[in-house]
Amino acid sequence: LVENIDGWHDIELLPEEYESLKYLAGETFELYNRDFLRVNEYVVVTNNGKRQSGLVYRYLGDNTFQVIDKKPHLCGVVPRNFEQIMLTNALLNDDIPLVSAIGLAGSGKSLLAIAAAIQKVLCDKKYKKIIITRPIMPIGKDIGYLPGGVEEKMAEWVRPFTDNIEYIKNLNIDAGKRKVAFEKLSQLLDLSACKDIM
């Protein structure tokens, strides 16, 4: 049986623990008696039963935790809730080789994954390619029933991805000096050119 792992926990801190942690940023620290956590699981701090804004940590093992960035640079995309903050941190972390995201439709999984890929390839130049895959087994009508030729069929098949790239492109039109090159994002949307950069 495969154990169901959420990847994060709410943890209630004692008042003295909370006071010592709430001002930390980008640092590591130790909390003991948290041996139920797995490496790379995330922690959202609660105090008096309420989640504390900004107090999100990643467990590094050996009772050591790291404060994670609430607003990382992600091609103009800003995480909007605790779950998106944690997913973004995992996607951008080179020490985590595989990230699996499960959630409701519209919760931002694809957008954040694509934004992280673009950030790593076009901005950080950590990788050379973006590879996006989609199961060939359709839900509903098969791709063969879509209208048009091969390129038109594929355009419809990959629309969920191109819509997200278009959204990221629009975010970067008026972005600051760290914006993603408009031409590169436009090229990602050109299916005939994608073979050169994806």
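## Salt bridge between Asp94 and Lys120

The side chains of Asp94 and Lys120 form a salt bridge, with an N to O distance of 3.1 Å. This pair connects distant parts of the chain, since Asp94 belongs to the loop between α2 (82-92) and α3 (109-123) while Lys120 is in helix α3, 26 residues apart. The structure is a predicted model.

The two partners fall into separate accessibility classes. Asp94 is partly exposed, at 38% relative accessibility, whereas Lys120 is buried, at 10%.

## A network around Asp94

Asp94 also forms a salt bridge with Lys126, and here the closest N and O atoms are 3.8 Å apart. Lys126 lies in the loop between α3 and α4 (150-157) and Asp94 in the loop between α2 and α3, so this salt bridge ties together parts that are 32 residues apart in sequence. Lys126 counts as partly exposed, with a relative accessibility of 47%.

Asp94, Lys120 and Lys126 are thereby linked in a network of salt bridges. Within this network, Asp94 pairs with Lys120 at 3.1 Å and with Lys126 at 3.8 Å.

## Salt bridge within helix α5

The count of salt bridges in the model comes to 3. One of them joins Glu166 and Lys169, whose closest N and O atoms are 3.4 Å apart. Both residues lie in helix α5 (residues 159-172), where a spacing of 3 residues separates them by about one helical turn.

Glu166 is partly exposed, at 31% relative accessibility. Lys169, its partner in the salt bridge, is buried at 11%.

## Cysteines and the absence of disulfides

The structure holds 0 disulfides. Cys75 takes part in none, and the nearest cysteine sulfur, that of Cys123, is 4.6 Å away. A disulfide is a covalent bond between the sulfur atoms of two cysteines. The cut-off for assigning a disulfide is a sulfur pair within 2.5 Å. Because the sulfur of Cys123 is 4.6 Å from the closest cysteine sulfur, in Cys75, the separation is too far for a bond.

The surroundings of the two cysteines can also be described by accessibility. Cys75 is buried, with a relative accessible area of 0%. Cys123, by contrast, counts as partly exposed, at 27% relative accessibility.

Definitions and conventions. Residues numbered from 1 in each chain as written. Predicted model: local features only at pLDDT ≥ 70, side-chain atom pairs only at ≥ 80, totals over all residues. Heavy atoms only, no water. Buried < 20%, exposed > 50% of the residue type's maximum accessible area, 1.4 Å probe, protein only. Salt bridge = Lys/Arg side-chain N within 4 Å of Asp/Glu carboxyl O. Helix = DSSP H or I, 4+ residues; strand = E, 2+ residues; numbered from the N terminus.
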